[in-house]
Amino acid sequence: MPDFRLAPATRLDQVRYDIRGPLSQRARELEQQGVDLLRINIGNPARFGLHPPAALREAIAAHLHEADAYGHELGLEIAREALIADAAARGIGVLDAEHVFIGNGVSELIDMSLRALLEPGDEVLLPRPDYPLWSAATRLNGGVPRYYDCPASRGHQPDAGEIEALITPRTRALVLINPNNPTGAMYPRALLQQLVALAARHRLLLLSDEIYDGITYDDAQFTPLAALSGEVPCLSFGGLSKLWRACGYRVGWLQLTGARAALQPLRDALQLLAALRLCANQMGQYAIPVALQLRGEIHTLTTPGGRLHATRASLIEGIARSEFLEVVVPRGAIYAFPALRDGLLPGFDDQAFALDLLEHEHVLLTPGSGFNLTDSRHLRLTLLPEPAMMTEVLARLERALARHVEA
Ligand code: PLP
């Protein structure tokens with residue numbers, strides 16, 4: 001065979017996405033062999049029977065014939081106008097429809113934003129743990145992640161002083177994920193205000209990943225960053241994947257707020273990148289106006305009687321009984337990020353443990369180190385399954401951990 005020189009680009013060497021990594025491939029093999037797995041690794045609501053409201057599907061079906069052609073590179077105009085009205089109702093002043101971009105999920109828009117912004121060697125402040133696409137997209141676009149810690153000991157909250165200490169002349173942007181994946185943390189208004197002030201002092205772009213906006217528990221209050229950031233340039237990301245449970249539609253949006261003149265060059269660069277990929281999937285965009293009208297009534301999964309509320313209660317109860325695990329109770333989003341109790345199993349390796357759990361207990365979850373954490377004592381579970389499945393997963397986890405302690 002001739003050498004086709006297909007070695008992948010070295011810039012991929014530092015890129016990982018463990019949520020769909022080698023463990024998932026092994027899980028597929030096991031399933032092909034007929035093994036029944038408990039999959040608790042991906043925040044994909046419809047896989048757990050939590051489908052989008054029928055009105056979204058109906059809106060798409062009603063417009064199918066209009067979706068045959070390429071559309072505007074920024075996205076469907078009625079959808080962008082609906083997004084502006086929705087933002088205004090929530091205290092966010094998006095400048096106009098030229099400052100709204102619709103993409104194939106937030107995923108595409110994250111990559112596009114960092115591609116538009118970064119010069120080689122530019123630094124981006126990212127949370128640790130992060131959602132690993134943020135690190136990957138930073139690196140793939142020539143940037144360097146600089147991590148600020150959000151440790152369990154602090155309820156997974158960032159510290160503005162620690163973030164400020166990481167800033168160098170190369171720092172371009174501060175990324176927030178709120179409500180947070182993987183920790184379930186929510187950031188209070190006062191902290192967000194501090195971070196806006198910090199961005200203003202150091203001339204940093206704010207990037208706020210708010211894909212879990214609307215998914216909150218108990219009395220947790222979500223504040224959109226753009227409601228506080230005034231003239232500071234801010235890119236806010238949202239979409240249909242989580243609150244509206246329509247991951248497969250691949251619909252996300254990006255809203256630009258702040259001083260118009262300061263935003264102009266970045267906005268124009270984003271439009272160029274959007275034009276290069278022609279347009280986002282047209283079909284899903286027709287669901288946006290209908291989805292936004294349902295915003296007020298769709299959060300019932302997280303209130304008493306709702307699935308996420310009940311499964312979260314099973315998690316809290318199960319972990320309270322656990323000999324080995326502790327957890328910062330999630331306040332938002334659809335995950336919990338338990339860790340081994342302090343002092344237990346000092347050399348614990350979350351990756352090896354997750355493989356053992358898959359092979360012997362048939363549970364698939366994501367090890368915490370997949371979220372660019374340096375410690376390997378955390379595991380991420382999604383709160384999407386039925387409460388009984390969560391209870392069973394925790395029982396199997398306990399059994400596997402007991403074996404590790406004995407070994
Ligand atoms: N940002 C965060 C924090 C996520 O957890 C996810 C998906 O899980 C995404 C972005 C990507 O969302 P989308 O389906 O809109 O691409």
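In the predicted model, strands β5 (residues 171-177) and β6 run parallel to each other and are joined by five bridges. One pairing within this arrangement sets leucine 174 against leucine 206 of β6. Strand β6 covers residues 205-209, and five of its five residues are buried. Its side chains are divided between two directions: Leu205, Leu207 and Asp209 point one way, while Leu206 and Ser208 point the other way. Burial therefore applies on both sides of β6, since the residues of either direction are all buried, with 20 or more other C-beta atoms within 10 Å.

A second set of pairings involves strand β14 (residues 379-382). On one side of β14 lie Leu379 and Leu381, on the other Arg380 and Thr382, and all are buried. Strand β10 runs antiparallel to β14, and two bridges join them. Here tyrosine 335 has threonine 382 of β14 as its bridge partner. Strand β13 (residues 366-367) also pairs with β14 in the antiparallel sense, again over two bridges. In that pair, threonine 366 stands opposite arginine 380 of β14.

The domain assignment divides the protein into domain 1 (11-51 + 300-406) and domain 2 (54-297). The C-alpha centres of domain 1 and domain 2 are 26 Å apart. To the contact, domain 1 gives 31 residues and domain 2 gives 30 residues. On the side of domain 1 that touches domain 2, the elements giving two or more residues are α11 (307-321) and β10 (335-336). That side of domain 1 is made up, by class, of 15 nonpolar, 10 polar and six charged residues.

The ligand is surrounded by 13 residues, of which Gly105, Val106, Ser107, Tyr131 and Ser241 come nearest. By class, this shell has five nonpolar, seven polar and one charged residues. Helix α4 (residues 105-117) supplies the largest share of the shell, three residues.

The length of α4 was compared with the expected value. At 1.5 Å a residue, its 13 residues should span 18 Å, and the end C-alpha atoms are 19 Å apart, which agrees. The buried residues of α4 are Gly105, Val106, Glu108, Leu109, Ile110, Met112, Ser113, Leu114 and Leu117. Two of the residues nearest the ligand, Gly105 and Val106, are thus also listed among the buried residues of this helix. An α-helix has 3.6 residues a turn, so residues three or four places apart point the same way.

Methods:
Residues are numbered from 1 along each chain as its sequence is written. This is a predicted model: local features need pLDDT of at least 70, side-chain atom pairs count only at pLDDT 80 or more; totals for chains, interfaces and linings use all residues. Domain bounds come from an automatic or database domain assignment. Two residues are in contact if their C-beta atoms, placed from the backbone, lie within 7 Å. Helices (H or I, at least four residues) and strands (E, at least two) are DSSP runs, numbered from the N terminus. Ala, Val, Leu, Ile, Met, Phe, Trp, Tyr, Cys and Pro count as nonpolar, Asp, Glu, Lys and Arg as charged, and the others, Gly among them, as polar. A residue is near a molecule or strand if its C-beta atom, placed from the backbone, lies within 6 Å of it. The expected span of a helix is 1.5 Å times one less than its number of residues. A residue is buried if 20 or more other C-beta atoms lie within 10 Å of its own, exposed if 12 or fewer, and partly exposed in between; C-beta atoms are placed from the backbone. Two strands pair if DSSP finds at least two bridges between them.
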